[in-house]
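Here is a short report on one protein model. Please keep the sequence and the structure open beside it.

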Amino acid sequence: MAFIQFSQVSLAFGDRDILKNVSINLQKGSKVALTGANGAGKSTLIKILAGLIKPDSGNRAVQKDTRIAYLPQSGLTHKGCTLIQEADKAFEFGYELERQIDEIGTQLQNNPKNTDYLVTKQSELITALEESGWHRRRAVAESVLIGLGFTRSDFDRDTQEFSGGWQMRIALAKALMQHPDILLLDEPTNYLDIEARNWLEQFLKDFEGGFLLVSHDRYFLDVTINEVYELFNGDLKKYPGNFSHYEKVREVELQTLISAYEQQQEEINKLEDFINRFGYKATKAAQAQEYQKKLDKMVRIEIPESLKKIHFKFPSAPHAGRLVLRMNGICKSYTPEKKVLNNLELVLENGQRLVVAGRNGAGKTTLLRIIAEQDKDFSGEVIPGAGVKIGYFSQDNAEKIKGSQTILEYLEGIAPLELIPKLRDMLGSFLFRGDDVYKSLDVLSGGEKSRIALLQLLLSPVNLLVLDEPTNHLDIHSKDVLLEALKSFGGTVVFVSHDRGFIEQLATNVLHLENGTYKYFPGNYEYYMEQMEKQESQKGESIPLASTASVTQGATAAFSATPSSGAHPLRCLQSKLESECQRTHSAPEESGQNKNLSWEEQKKLDAEKRKKEKELLRLEQKIAELEEKKKELENKMADPQVYSNGEKAKAVQREIDQIVQEIEETTEQWMLASE
């Protein structure tokens, strides 16, 4: 059986121990996650497993003919051939086996003395080649490339045309296509959209070999692995089960560790205080020396770096009206042949947390740049609401943080004067402590730059956050803190993320982009996934989203799926219904059923339509007023004088329940009227 095995492996960089007598065994069926704080040495350990770095001591054993495929975090580029030609390089092992088979065939033609041995050897090589799937390499290559988001039109493109993220996808595809016995993947999900992540999840579930991976995506880990190795202070400890189970077990361990740490710190403080106060007094000098010896011999308890979490919350959002943003007829093209956004309509309401979903290249980042006023080269109109102030985060912004300035100098140059005295505390909350604030921008990692870009959002209060991949390069704990900060943010959030767990916990609404078209889902991410699955199963039978019927159906489904999700789904669908009604009203002569009506009949029909439109608007206004009243009561319920008084709390809750009932009844009337 193929395997890689460590035994008592150690490695040090200078005076720092990266690995201290660690052992690990990877074999067929191993599904392992490697975790630990940033800088703990995870990437180094993977490189030793891959045979790229030699340890200072210990043994690394690899079963003969074991094929190992390794994917680093970043830095791989490809050029000089097409995508499909580059993919074919992943099957080099097959070409080598074929060469050996041909070489033995040539030897056999000369009737050598060791014919039996050569025939047996050739037979083994032929069997190995057939079992590797090498003869189906073109089909395998196409399947893997398409699964990771490439299209057939990409196959003949030169590899140098692809961006850095797509270059890493090429590298990942090649690693998977090698038919390895052991896969070593360092952050394989960093550059993948959700569709590609889902495909990779299934690939790893079906993978017959063993793999070890590093990832900061909790959901991805939970569905792919069955054991966790934690690297902490050079020690490696194994935890059976998925990642969530590891976190629960580790939490209990850490509580004990923290308790012991706090007790030790208390003792250290007492000893140091005694030494400082009485060390120079003759009567206490001997005792002070004894205490100093005790301190010197004490084995200090260390707290994992992962416990030093980012700690922050966004400033209070400035007041804004209910309508935060309206987008009418937004069109955007990068080439004459293809529109990335085509006549997009969108209404954003206060308090919504909208995720923009779709494959890479669908226009998600483009839309966010338009909303954030970073891109003004488009047609259509963007109408911000009264008092809207926008904060924008993108990976591009993070990557632009460079230069010889220190972190502190950089932030002092862009911070308001009143916040400059607080910068050191703010930096400490983002894990830049002590001398870290004097680091040069040029030496910062991707994660550190992302943290600084997030910190910049705290320098001025905003009520509309536009976030493009805010979780990239953040570890799991930092993602959790960001998630809680966004949940408690009092304004509106529009974001793109490829972290499914993050989306599921944050999004209240979903906008799906695909091939220039869009679909709005007035519900959470789970509701969106359910609807997408239904549409896939009923392809060819769906009604166009802009039709009155689909608006009504969407509102019905949304209301039943998210009865108390904040912004009412009808508000967000209003512009579509109005445009549909206007289109029907403004062109009666084009309708097959109206063209033979008399003037009197047409006049009566138009009057009835206007009456129904007024009724729709009246009901919508009533729903808005009821929602406002419900929001006021919910705020009242949060008042300590109310929730601490049982009778008052019950009375307010009864009012809320009554209003919820009215909203449901009025919504039902609205749906009947819209039909």
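The report below goes from the whole chain to two sheets, then to the cores, a helix and some single residues.

## Overall make-up

This is a predicted model. The protein holds 675 residues, and 46% of them are buried. Its secondary structure comprises 23 helices and 18 strands.

Contacts reach far along the chain. Take the contacts between residues at least 6 apart in sequence: 69% of them join residues at least 24 apart.

## The sheet of strands 2, 1 and 4

One open sheet has three strands, in the order 2-1-4, with antiparallel pairing. Strand 2 (16–27) and strand 4 (57–62) are the edge strands, and each pairs on one side only. From one strand to the next, the twist averages 15 degrees. Strand 1 and strand 4 are joined by five bridges in the antiparallel sense. Within this pairing, S7 stands opposite N59 of strand 4. Helix 1 (residues 42–49) lies across strand 1, strand 2 and strand 4. Helix 1 runs at about 130 degrees to strand 1.

S10 belongs to strand 1 (residues 3–13). Is S10 buried or exposed? The relative accessible area of S10 is 15%, and the cut-off for buried is under 20%, so S10 counts as buried. Beyond its neighbours up to four places away in sequence, S10 touches L19, K20, N21, P55, D56 and S57.

## The sheet of strands 11, 10 and 13

Another open sheet has three strands in the order 11-10-13, again with antiparallel pairing. Strand 11 (338–349) and strand 13 (379–384) each have a single partner strand, so one side of each lacks a neighbour in the sheet. The twist averages 15 degrees from one strand to the next.

Strand 10 (residues 323–335) pairs with strand 13 over five bridges, in the antiparallel sense. C331 stands opposite S379 in strand 13. Helix 11 (residues 364–371) packs on this sheet and touches strand 10, strand 11 and strand 13. The direction of helix 11 makes about 130 degrees with that of strand 10.

## Nonpolar cores

The largest nonpolar core has 52 residues. Which of them touch the most other members? They are F314, L411, L465, L486 and F495. Apart from this core lies another, of 49 residues, including F93, V144, F155 and I225.

F495 has partners from several parts of the sequence. Leaving out residues up to four places away, F495 touches R353, L354, V355, V356, L368, L467, F502, I503, L506 and A507.

## L482 in helix 16

L482 lies in helix 16. L482 is buried, with a relative accessible area of 0%. Setting aside neighbours within four places in sequence, L482 is in contact with F312, F314, L454, P470, T471, L474 and F502.

What separates the C-alpha atoms of L482 and H311? These two residues are 171 residues apart along the chain, and the distance between their C-alpha atoms is 8.5 Å.

## Helix 18

Helix 18 (residues 525–537) has 13 residues. At 1.5 Å a residue, the expected span is 18 Å. The end C-alpha atoms are 18 Å apart, so the model agrees with the expected span.

The buried residues of helix 18 are Y525, Y527, Y528, M529, Q531 and M532. A polar contact sits at the start of the helix: a side-chain oxygen of N524 comes to within 3.3 Å of the backbone nitrogen of E526.

## Positive phi in two loops

Two residues other than glycine deserve a check of their backbone angles: H179 and E469. H179 has a positive phi of about 50 degrees. H179 is in the loop between helix 6 (164–177) and strand 6 (182–186). H179 is partly exposed, with a relative accessible area of 41%.

E469 has a positive phi near 55 degrees. The loop that holds E469 runs between strand 15 (464–468) and helix 16 (476–487). Is E469 buried or exposed? E469 is buried, at a relative accessible area of 7%.

Methods. Residues numbered from 1 in each chain as written. Predicted model: local features only at pLDDT ≥ 70, side-chain atom pairs only at ≥ 80, totals over all residues. Heavy atoms only, no water. Pairing = 2+ DSSP bridges. Helix = DSSP H or I, 4+ residues; strand = E, 2+ residues; numbered from the N terminus. Axes fitted to C-alpha atoms, helices over the stretch in contact; angles between N-to-C directions. Contact = heavy atoms within 4.5 Å. Expected span 1.5 Å × (residues − 1). Buried < 20%, exposed > 50% of the residue type's maximum accessible area, 1.4 Å probe, protein only. Polar contact = N/O pair within 3.5 Å; in protein donor to acceptor, adjacent residues only side chain to side chain. Core = buried A, V, L, I, M, F, W, Y, C linked by side-chain atoms within 4.5 Å.
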